[in-house]
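Grab your viewer and work through these exercises with the model open. Each one gives you a task and then a solution, step by step.

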Amino acid sequence: MPEGDTVFRAARTLHRALAGKQVVRFEAVLAQLSRVDDDVPIAGRTVERVRSVGKHLLVELSGDLVLRTHMRMNGSWHVYRHGERWQRPRASMRVVLETADFQVVAFDVLVAEFRTARELARDPALAALGPDVLGAGFDEGEAVRRLRGHGAMGIGDALLDQRALAGIGNVFKSEVCFAERVHPFTPVAALDDETLLRLVRTARRFLEMNVRESSGGGMVTVTGVRRTTRRGDPSASLWVYGRAGKPCRVCGERIVVDRRGPQARSTYFCPRCEASTASRP
Ligand SMILES: [Zn+2]
């Protein structure tokens, strides 16, 4: 499931491949995109910038047109050289943008639409977003205020709400709560501002760890091992996520997975390390 770090890396990769380049061919299997392409052709436009906002990826084209996509559960963007074999089946292709050098393909994106800059600014999906955890001007105080608005909600679910903070997904939700020793089902109202601030700062630190580039220059891949522990061993890259039944890396207690809550998303935690906040009202 793509989280903010994945979308950020995808946008950076696409920006490097496309920015300043002219689109020589456009193809989409989505009717709402093809209609726009018929009316105001995409080929011939220049890609001005590619960026991420939370989990949204925006391809800004000359002539005031922005392609907004959201990867949802299985979507991804790939960059290929011409003639290179795709790593996903043709049936999963949704959008192709070609320049003289590259073929950029969106697979299985569920949301894809063209917007003018003005429409985008008013788009409810973007206008309602909380501070972007990976954004340049990230406002941690505003993030805390927005979390505070979810008093009765468990902190784990509140961290997932893109209207509070944009960019956190299910993996980082569990990892951030563990790192700060906060039980993910603790109601936000039971946590003080200082604790919320620590959670927000750790979320930003974890996502930043996962968009940092290990080797300078070159093209980076969209996928990669996600990590929060700073351990070199890839199998030890996360504290609790995906580790149900395995020993806690800090205390040895068995990690628990729980699927309660409105969307029944899996939540991983250590019942000992994160116990101190669990029984509060
Ligand atoms: Zn533990």
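## Exercise 1: the sheet and its helices

This is a predicted model. Start with one strand pair: β4 (residues 65–70) and β8 run antiparallel to each other, joined over five bridges.

**Task.** Find the bridge partner of Arg 68 in β8, then work out the strand order of the open sheet and say which helices pack on these strands.

**Solution.**

1. Go to Arg 68 and look across to β8: the bridge partner there is Glu 113.
2. Now widen the view. The open sheet has four strands, in the order β2-β3-β4-β8, with antiparallel pairing.
3. Check the ends of that order. β2 (47–53) and β8 (111–115) are the edge strands, each with a single partner, so one side of each has no neighbour in the sheet.
4. Follow the twist: from one strand to the next, the average is 15 degrees.
5. Add the helices. α1 (residues 4–18) lies across β2 and β3 (56–61), and runs at about 175 degrees to β2. α2 (residues 31–39) packs on the sheet too, touching β4 and β8, and its direction makes about 25 degrees with that of β8.

## Exercise 2: the zinc site

**Task.** Which residues coordinate the zinc ion, and what geometry does its site have?

**Solution.**

1. List the donors: the SG atoms of Cys 248, Cys 251, Cys 270 and Cys 273, at 2.3 to 2.4 Å.
2. Look at the angles among the four donor atoms, which are 99 to 115 degrees. Four donors count as tetrahedral if all angles lie between 85 and 135 degrees, so the zinc site is tetrahedral. For reference, the ideal angle for four tetrahedral donors is 109.5 degrees.
3. Read the spacing of the donors along the chain: C-x2-C-x18-C-x2-C.
4. Place two of them. Cys 248 is in the loop between α8 (193–209) and β9 (256–258), while Cys 270 is in the segment after β10 (267–269), so this pair ties together parts 22 residues apart in sequence.
5. Finish with accessibility. Cys 248 is buried, at 5% relative accessible area, and Cys 270 is buried as well, at 0%.

## Exercise 3: a glutamate in a loop

**Task.** Is Glu 180 buried or exposed, and what does Glu 180 touch?

**Solution.**

1. Locate Glu 180 in the loop between α7 (170–179) and α8.
2. Take its relative accessible area, 15%. Buried means under 20%, so Glu 180 counts as buried.
3. Leave out residues up to four places away in sequence, and the contacts of Glu 180 are Arg 198, Leu 199 and Thr 202.

Technical notes:
Residues are numbered from 1 along each chain as its sequence is written. This is a predicted model: local features need pLDDT of at least 70, side-chain atom pairs count only at pLDDT 80 or more; totals for chains, interfaces and linings use all residues. Side-chain values use heavy atoms; hydrogens and water are left out. Donors are N, O and S atoms within 2.8 Å of the metal (3.2 Å for Na, K and Ca); water is not among the atoms, so sites may look incomplete. Four donors count as tetrahedral if all angles lie between 85 and 135 degrees; four count as square planar and six as octahedral if opposite donors are over 155 degrees apart and all others between 65 and 115; anything else is irregular. Helices (H or I, at least four residues) and strands (E, at least two) are DSSP runs, numbered from the N terminus. Buried means under 20% relative accessible area, exposed over 50%, partly exposed in between (1.4 Å probe, protein chains only). Contact means heavy atoms within 4.5 Å. Two strands pair if DSSP finds at least two bridges between them. Axes are lines fitted to C-alpha atoms, for helices over the stretch in contact, and angles run from 0 to 180 degrees between N-to-C directions.
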